[in-house]
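Open the model in your viewer and keep the sequence panel visible. The tour below goes from one selection to the next and says what is there.

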Amino acid sequence: MKSTIEQLCQQVAQNPRRVVLPESTDPRVVDAAKSLAKRQLAHPILVLSEPQEIEGVEVVSPSNGELFQRCVQRLVENRKHKGMTVEQAGEAVADPVYFGALLVSLGFADAAVAGSIAATAHVVRSVLHCIG
């Protein structure tokens with residue numbers, strides 16, 4: 001008989017989702033991304049400032065011009081009622097946690113997992129500002 005964890009893993013593997021992991025400076029997060037890819041439980045997306053090759057893991061950078069601009073536009077749109085400027089949005093998008101939340105908002109990822117380094121309040125604030 002399979003354990004509950006094994007059953008859940010089998011179910012998740014049937015329809016893996018794109019999960020962004022913005023806190024890639026934590027080695028545990030990089031290890032988790034590799035494990036998710038190896039076990040085919042998700043399509044992990046790591047946010048890294050410097051591009052590098054990690055087997056089975058998609059790597060994105062806030063310095064990517066087109067993606068960065070799309071994130072800035074989305075954040076300005078989401079926060080215009082609070083008077084957010086393009087410059088303020090650009091500073092926020094440079095933060096990996098905000099960048100990850102915006103990737104979800106734009107449909108580039110299905111989910112984001114953060115909080116291994118960032119404070120809970122920062123993670124929640126990024127979700128409220130970027131996703132709603």
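Start by selecting Gly132, just after helix α6, where the backbone takes a positive phi of about 105°. Bear in mind throughout that this is a predicted model.

**Helix α6**

Step back from Gly132 and select α6 itself, residues 120–130. Which of its residues are buried? They are His122, Val123, Ser126, His129 and Cys130. Look down the axis of α6: these buried residues fall within an arc of 135°, so they line one face of the helix. A helix has 3.6 residues a turn, so residues three or four places apart point the same way. Now turn to the face of α6 that points away from the buried side; Thr120 and Leu128 are the exposed residues there. To see what covers the buried residues of α6, show α3 and α5, which are among the covering elements.

**The largest nonpolar core**

Next, select Val20, Val60, Cys71, Leu75, Val93, Phe99 and Leu103 and show their side chains. The largest nonpolar core has 22 residues, and these seven touch the most other members. Colour β2 (42–47), α3 (65–79), α4 (86–93) and α5 (96–105): these are the elements that give two or more residues to this core. Nonpolar side chains in soluble globular proteins tend to be buried together.

Centre on Cys71. What is Cys71 in contact with, leaving aside its neighbours within four places in sequence? The partners are Val93, Phe99, Leu102, Leu103 and Leu106. A second core, separate from the largest one, has 11 residues, including Val29, Val30, Ala33 and Leu46.

**The strands**

Select β2 next. Is this strand mostly covered or mostly open? It is mostly covered, with 5 of its 6 residues buried. On one pairing, strand β1 (residues 17–21) runs parallel to β2, and 5 bridges join the two. To find one of these bridges, pick Leu21, whose partner in β2 is Leu46. Strand β3 (residues 58–60) also runs parallel to β2, joined to it by 3 bridges. Here, pick Ile45 and look for its bridge partner in β3, Glu58.

Add α2 to the view along with β1 and β2: together the three make a right-handed β-α-β unit.

**Leu36 in helix α2**

Stay on α2, residues 27–38, and select Leu36 within this helix. At 24% relative accessibility, Leu36 counts as partly exposed, because the cut-off for buried is under 20%. Beyond its neighbours within four places in sequence, Leu36 is in contact with Leu41, Ala42 and Pro44. Then draw a distance from Leu36 to Pro96: the C-alpha atoms are 20 Å apart, across 60 residues of sequence.

**The whole chain**

Finally, zoom out and show the full trace. The protein chain holds 6 helices and 4 strands. From the N terminus on, the elements run α-β-α-β-β-α-α-α-β-α. Along its principal axes, the C-alpha trace spans about 55 × 30 × 25 Å. A compact globule of 132 residues would have a radius of gyration near 14 Å, and the 16 Å of this chain agrees with that. Colour by accessibility and 39% of the 132 residues count as buried. For contacts with a separation of 6 or more, residues 24 or more positions apart account for 60%.

Conventions
Residues numbered from 1 in each chain as written. Predicted model: local features only at pLDDT ≥ 70, side-chain atom pairs only at ≥ 80, totals over all residues. Heavy atoms only, no water. Buried < 20%, exposed > 50% of the residue type's maximum accessible area, 1.4 Å probe, protein only. Contact = heavy atoms within 4.5 Å. Core = buried A, V, L, I, M, F, W, Y, C linked by side-chain atoms within 4.5 Å. Pairing = 2+ DSSP bridges. Right-handed = clockwise from strand over helix to strand, strands pointing away. Arc of directions from axis to C-beta. Rg over C-alpha atoms; globule rule 2.2 N^0.38 Å.
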